[in-house]
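Reader: I am new to this structure and would like a close look at one short loop. Please take your time over it, and then go on to other places that help me find my way around.

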Amino acid sequence: MDPLAPYFLGAFAENNDFFEKTVIELVRDHVFWRRNFHPEDLPPIGTADQYSPEYLEGVARTRHELHQLTAALKRSVPFFHPRYLGHMVSDLLLPGLVAQLVTTLYNPNNVVEDAAPVTVQLELEVGRQLATMLGFAIDPAKVPCALGHLTSGGTIANDQALFLARAVRLLPLAMRDALDSLGRRPETISPKLDADDWAHLNLPTRDILDLADTFHRDPELAKALAHTRVEHVGLGHFCAKHPLVANLAVIAPGTAHYSWKKALRLLGLGAANLVELPTRQARADSAALDTLLQTFARERRPVLMVMGVYGTTEFGTLDPLHELAALRGRSVDFWLHVDAAWGGYLPSVFRDPKGNLRPREDLRAEFAHFPSQRVYDTTAALPLADSITVDPHKQGFVPYGAGCFVAKDRRVFDLVLTDAAYVFHGDELGEQRYRSPGRFSLEGSRPGAAAAACVVNHRVLPLDSAHFGRLIARSVHTCETLSDALPAFAARLAPVATLAMPFDPDCNLLVFAVNPLGNRSLKAANAFGQRVMDAMSVTPARPVQLREFFGSCTTVSLEHLSADSAELFRALGLTEVDDDGVFLLRHTLMNPWLLSHPTEGDGSYLDAYLAFLERTVHELVTVVR
Ligand SMILES: *Cc1c(COP(=O)(O)O)cnc(C)c1O
């Protein structure tokens, strides 16, 4: 039996009996919960009302509109099917799906515990589950203790990362200003505060959070600090006082998701201060980072954050986090954030059920190539990050509206606690302050149903190699199968087209370019790639049922390809570089059934996809000629 069989509704809704039975049972259970709340009361909706013409009219209208809706939804994209290899979405894990549907009936709001006594606890549990998988410590009796909270997605989690990083990294300057305002000498608090602005901007994060504790424990200092922080005075005033801050840099590889540009704009840091880190093979170049940081140290340009990507959106590649982390504090100090919105669940393959990192040899025995030494080292380095973004609504297989921000040291949240007296109460410095994620999340009201979905999935399939990891390992295996099939496939295409992968895949996303045989122009190759893509894209005019397969595409700019372009052009037979990027077919290999067989005796869905691609390329080449 396929060990993943019970956990999805399935491409044919094969598990409908189990699904329907469970949903109906839990809906009825909800109904009884309502009826038994105060059964002695009179129901406001009278039984006789339910037979009146107006009532029946209301029922009819509702049913009509719902049928209209579900009819329209038939034009939706069949993400659940192994014929879908497009974006970062697939079938949903059934336990979480049912949890989300059922919890919505109770409509808990995770803004604060009184509005969601059950699901706020579940949200904190998701945070602990993800933190543990990533390798962070979660013992509240020790420092650092990690804490994660849910967001609507990776974008908001990244905003939160930048917001918190700024709060922490600019704090020492505010501390000194606060001491000045009180006429107190910095060295009475700590010799670390008796320094110049540059030194303040390069204090290790751990030291800053320890100092913050000292300030928070002294009401006079805490009050003064509240009035000198950038969040209070505003960036303009803060920069006027501390001119170095005006050029605060955020360093991210060219493969960074566009949410980073948005985040800098939103926080008033300026998209121009997003400094692009060069990449090789779509992975951050740590030697280039070293050079950049040394230059910045000479120029006295402070670095707020270095961001590494664990699973790039477009190519699925992983940055060498171990190398990035090793540079922290060497010439400058910074907040290290990892954007693992896509790759965040990959570490489940690396954790054994006891929570230990598995030796690389054990993993190697289960795959053809995975994990490379770099992939292994970067995964082991995740806990060196100060914060990590993970999207449960990507490789966590839960419905949309679930991102997660995890901080290594939960004390960072003390810096952004927002006081809304009508919502929050209770002690300020106790454990209690970490129990209402709504106090420190950017969003206010948030669905408790998302927390329920994640927790139930992670309880049914714990985030280790024996459970959830099997699901992710399946996708890595699928990707290896596709990548190993490519040389033979390229040979089949050879009479009409050339095919090349610009970058080897790291885990479960694979891109390649196709070029009609004899064509030398990049522009023409790109136009051809686009036509191939048109045969498997979603367009309102064409019913999804008429599509054989669904894919996605991306373009890698020549600037980002830089050193890697010569080899790719040679492989594709391109000599005229008359465009500024290379069009790529992008394959997200999340679906667990891509290696199953659509027809008896024939190959897998993956084989069928390649056969489809071969036909499409043949047809289009003929048209071009
Ligand atoms: C998807 C993604 C994001 C954005 O997440 P949303 O959930 O779409 O807001 C950010 N970073 C990376 C690397 C991503 O893959």
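Author: Helices (H or I, at least four residues) and strands (E, at least two) are taken here as DSSP runs, numbered from the N terminus. The model is a predicted one, in which local features need pLDDT of at least 70 and side-chain atom pairs count only at pLDDT 80 or more, while totals for chains, interfaces and linings use all residues. Residues are numbered from 1 along each chain as its sequence is written, and side-chain values use heavy atoms, with hydrogens and water left out.

The loop in question lies between β4 (279-280) and β5 (283-284), and Q281 has its place there, as does A282. Q281 is not a glycine, although its phi is positive, at about 55°, and A282, likewise a residue other than glycine, has a positive phi near 60°. In the terms used here, buried means under 20% relative accessible area, exposed over 50% and partly exposed in between, with a 1.4 Å probe and protein chains only. Q281 is therefore partly exposed, at a relative accessible area of 27%, whereas A282, at 3%, counts as buried.

Backbone features of another kind are found in other loops. The peptide bond from V143 to P144 is cis, with omega near 0°, and P144 sits in the loop between α4 (119-134) and β1 (147-151). The bond from F370 to P371 is cis as well, with omega near -15°, and P371 belongs to the loop between α16 and α17. In helix α17 (residues 373-380) the buried residues are V375, Y376, T378 and T379, and their cover includes α14 (321-326), α15 (347-350) and α16 (360-364), contact being heavy atoms within 4.5 Å.

A ligand gives a further point of reference. It is surrounded by 14 residues, the closest being T155, D339, D391, H393 and K394, where near means that a heavy atom of the residue lies within 4 Å. Helix α5 (residues 154-169) gives the largest share of this shell, with three residues. A polar contact is a pair of N or O atoms within 3.5 Å; a polar side-chain atom of T155 lies 2.6 Å from an oxygen atom of the ligand, and one of D339 lies 2.6 Å from a nitrogen atom of the ligand.

Conventions. A polar contact is a pair of N or O atoms within 3.5 Å; within protein, one must be able to donate a hydrogen and the other to accept it, and residues adjacent in sequence count only if both atoms are side-chain atoms.
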